[in-house]
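Please read these points with the model open beside you. They are meant as a colleague's note on confidence, packing and open space.

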Amino acid sequence: MIRVLVVEDSSTERQLLVEIIAAESQTFAVVGQAKNGLEAVEMTRRLRPDVVTMDIRMPLLDGLEATLQIMRESPTPVVVISGRGVLEVRTSLEALQAGALAVLEKPAGPAVPGFAERCRALLQTVRLMAEVKVVRRSGERPSAAVALPSAVAGPRERPRAIGIATSTGGPAALQEIFSRLPGDFPAPILVVQHITNGFVGGLAAWLQSTAKVRVKVAEQDELAAAGVVYLASDDRHLGLSSHGHLVVSAAAPVGGFRPSGTFLFASMAQALGPGLLAVILTGMGRDGVDGLRKVKASGGCVLAQDEASSVIFGMPAAAIEAGLADEIRPLADLAGRLISLATIGGQTK
């Protein structure tokens, strides 16, 4: 039984969330309801739930500050339930940086089209996030880079573009990397980040607030330019044509995902061959692994985030276990490695 603490200041929306969760009584039990962040922190400490659903805009203490306190005092998986206003989206992304695992849009009422589908997505996310082992957000030991014995000595040629795929924990990882890249970074970067529809624009703006490179949502047929990060748009795959133009595709989901890391990597491998540097970051599941097979077959290079710095090691672990990673790097080391490889080419360091 998964024990859930529901945090929401609106009594109507709180009751709706409780009803959605309680309807799956064989899987979930709502063990508490908090109407502000102070109550959320206290009830998490006292009730020890398996997962917390966290509102953002609340009196006394908002969802960001409550998440920060929970992760310091009694680390618990937190799923942010957010509106789509500019302030709420930005604060939700900051909560992810603070340690929350996922952000979902607040469900509308049962009369709204798509309500049942949104409920299923909410329950699946809460169930999966409850299984994640979270730690206090301080005192983490730095991890060392690993160059695998079978790895090539860096890419065969200087990368002409970089592809990145990530899921749970990705927004904070991307922020860490992009904030350290110079504005004149010499290659375009294409990114697939699994995130709730409606939030990618806010993600781009949030990443841009700390980045020197330009960050934007990808557009069909746009020429991929150096020093620009392109995020896959809502419910569309992202790829690259042989002429260097972006491909924004409504093709069928790959492995249940659209956008898909496998679509991204396979498309870029076909367009660039050994000129591709692929990076697989924190995330649940195996998205991207089949695409990385094509990256390796075409001569490209693969970097994987290490376990110690990953919120969830699923996607990088799957790539490493399949023998597809040339290097395993801690998050703090990735920006420097990208700079090294993209500017001077690289021998493994």
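The numbered points below take up confidence first, then the cores, one helix and the spaces.

1. This is a predicted model, in which local features need pLDDT of at least 70 and side-chain atom pairs count only at pLDDT 80 or more, while totals for chains, interfaces and linings use all residues. Residues are numbered from 1 along each chain as its sequence is written, and side-chain values use heavy atoms, with hydrogens and water left out.

2. The pLDDT (the predictor's confidence in each residue, from 0 to 100) averages 92 over the protein, and 93% of the residues score at least 70. Residues 138–142 have a pLDDT below 50, and beyond near neighbours in sequence this stretch has one contact (heavy atoms within 4.5 Å) in the model. The pLDDT is also below 50 over residues 149–153, a stretch with six contacts beyond near neighbours in sequence.

3. The largest nonpolar core (buried Ala, Val, Leu, Ile, Met, Phe, Trp, Tyr and Cys residues joined through side-chain atoms within 4.5 Å; buried means under 20% relative accessible area, with a 1.4 Å probe and protein chains only) holds 59 residues, and those touching the most other members are Met54, Ile164, Ile177, Phe178, Phe185, Ile189 and Leu231. Helix α11 (residues 331–344) supplies the largest share of this core, six residues; helices here are DSSP runs of H or I with at least four residues, strands are runs of E with at least two, and both are numbered from the N terminus. A second, separate core of 31 residues includes Val228, Phe265, Leu292 and Met315.

4. In helix α10 (residues 314–321), the buried residues are Met315, Pro316, Ala317, Ala318 and Ala319, and they pack against β7 (161–166), β13 (276–280), α9 (289–297) and β14 (301–305). Just after α10, Gly323 takes a positive phi of about 75°.

5. The largest pocket (on a 1 Å grid over the protein atoms alone, an open set of points with protein on both sides within 12 Å along at least five of seven lines; lining residues have an atom within 4 Å of a point) is lined by 42 residues, of which Leu104, Ala121, Thr125, Ile195 and Thr196 lie nearest its centre. Helix α5 gives the most to this lining, with nine residues, and β5 (102–105), α5 (115–129) and α6 (170–178) each supply at least two.

Technical notes: Buried means under 20% relative accessible area, exposed over 50%, partly exposed in between (1.4 Å probe, protein chains only). On a 1 Å grid over the protein atoms alone, a cavity is a set of points where a 1.4 Å probe fits but cannot get out, and a pocket is an open set with protein on both sides within 12 Å along at least five of seven lines; lining residues have an atom within 4 Å of a point.
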